[in-house]
Amino acid sequence: MFAGGTVEEKDTADNSALERTPDDPRLFQPGKLTVATGEPVYPPWMLDDDPESGEGFENGVVYALAEELGFDRDDVVWVRQTFDQGIAPGEKPYDFNIQQFSVTEARREFVDFSIVYYQPEKAVVALPGSAIASARSFEDLRKVQWGATIGTTDLDYIENLIGADDVKVFNDQVGTFQALLGKQIDATVISLPTALFATAVQIPDATIAAILPFDEHDQGHGLVFEKDDPIVDWINEGLEAIIAQGVIKELT
């Protein structure tokens with residue numbers, strides 16, 4: 001024993017004193033902020049498939065958050081996961097995942113989310129001359145062939161809000177874009193920031209045909225954590241701080 005209690009009690013006290021610091025023992029790797037993102041990552045969320053560069057919206061958020069929490073830039077460790085792995089139940093080899101994850105109640109059954117830090121609008125992307133261009137209602141939208149990426153709220157939007165019966169599903173965003181250019185589908189739904197970049201750089205033959213109303217079931221983007229992760233409140237404090245400082249607005 002040591003003066004004041006047992007060794008176990010001392011270790012517990014020491015660990016508690018380190019909580020909410022970069023050496024927090026509850027981190028995946030104390031001393032590091034381990035962050036997962038996609039493989040690959042796409043502009044404008046991250047540029048050049050390089051999270052470490054900090055050039056882009058999501059990695060900009062992460063580095064601002066890390067600084068607010070007391071981490072040096074070199075203490076941010078990036079790992080890669082698919083979108084589906086990020087929202088799957090089970091242990092996570094990181095502290096949180098950032099990959100344009102929309103917060104939904106269905107997903108909350110398997111993972112925890114941070115507070116919402118960004119709410120993008122949805123956009124319809126189509127080729128010029130498509131029948132989608134003359135659509136004036138959701139009823140008109142149902143008449144065309146839709147496609148979307150599996151596991152996304154984009155697909156949910158097409159099926160549940162637009163009410164399309166026949167939606168072609170693709171494994172990734174690149175596959176969806178290729179199907180659009182190959183005229184296998186008439187249109188897709190993606191977030192407006194993605195649509196702005198895609199139609200300017202990735203698929204310049206396509207255009208933004210419409211901006212859609214928000215889906216009340218899609219609460220906006222949040223960081224994804226392992227279920228019941230004890231650091232969520234701490235990370236939320238950091239997010240609230242950088243939001244209040246105007247960081248998210250500036251990055252947007």
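Guide: A polar contact is a pair of N or O atoms within 3.5 Å; within protein, one must be able to donate a hydrogen and the other to accept it, and residues adjacent in sequence count only if both atoms are side-chain atoms. The model above is predicted, so local features need pLDDT of at least 70 and side-chain atom pairs count only at pLDDT 80 or more, while totals for chains, interfaces and linings use all residues. Residues are numbered from 1 along each chain as its sequence is written, and side-chain values use heavy atoms, with hydrogens and water left out.

Visitor: Which backbone oxygen lies 2.9 Å from a polar atom of the side chain of threonine 37?

Guide: That of isoleucine 98. Threonine 37 itself belongs to strand S1. Strands (E, at least two residues) and helices (H or I, at least four) are DSSP runs, numbered from the N terminus.

Visitor: Is threonine 37 buried or exposed?

Guide: Residues are sorted by relative accessible area: buried is under 20%, exposed is over 50%, and partly exposed is in between (1.4 Å probe, protein chains only). Threonine 37 has a relative accessible area of 0%, so threonine 37 is buried. To find this residue in the picture, look in strand S1 and then for the backbone oxygen of isoleucine 98, 2.9 Å from a polar atom of the threonine 37 side chain.

Visitor: In what sense do strand S1 and strand S2 pair?

Guide: Two strands pair if DSSP finds at least two bridges between them. Strand S1 covers residues 33-37 and strand S2 covers residues 76-80; the two run in the parallel sense, with five bridges. To trace one of these pairings, start at threonine 34, whose bridge partner in S2 is valine 77.

Visitor: Through which helix does the chain cross from S1 to S2?

Guide: Through helix H2, residues 57-69, in a β-α-β crossover that is right-handed. To check the hand, point the strands away from you: the path from the first strand over the helix to the second runs clockwise.

Visitor: Where are there cis peptide bonds, and what is omega there?

Guide: Most residues other than glycine have a negative phi, and most peptide bonds are trans. In this model, the bond from glutamate 39 to proline 40 is cis, with omega near 5 degrees. Another cis bond links proline 43 to proline 44, where omega is near 0 degrees. On the chain, proline 40 sits in the loop between S1 and H2, and proline 44 is also placed in the loop between S1 and H2. That loop can be found by following the chain out of S1 on its way through H2 to S2.

Visitor: What is the phi of glutamine 100?

Guide: Glutamine 100 is not a glycine, yet its phi is positive, at about 55 degrees. The residue stands in the loop between strand S3 (96-97) and helix H4 (105-108). Its relative accessible area is 24%, so glutamine 100 is partly exposed.

Visitor: And where is aspartate 228 placed?

Guide: Aspartate 228 is in the loop between strand S10 (224-226) and helix H9 (232-244). Its phi is near 65 degrees, again a positive value in a residue other than glycine.

Visitor: How does aspartate 228 count, as buried or exposed?

Guide: As exposed, because its relative accessibility is 63%. Set beside this, glutamine 100 at 24% is partly exposed, and threonine 37 at 0% is buried.
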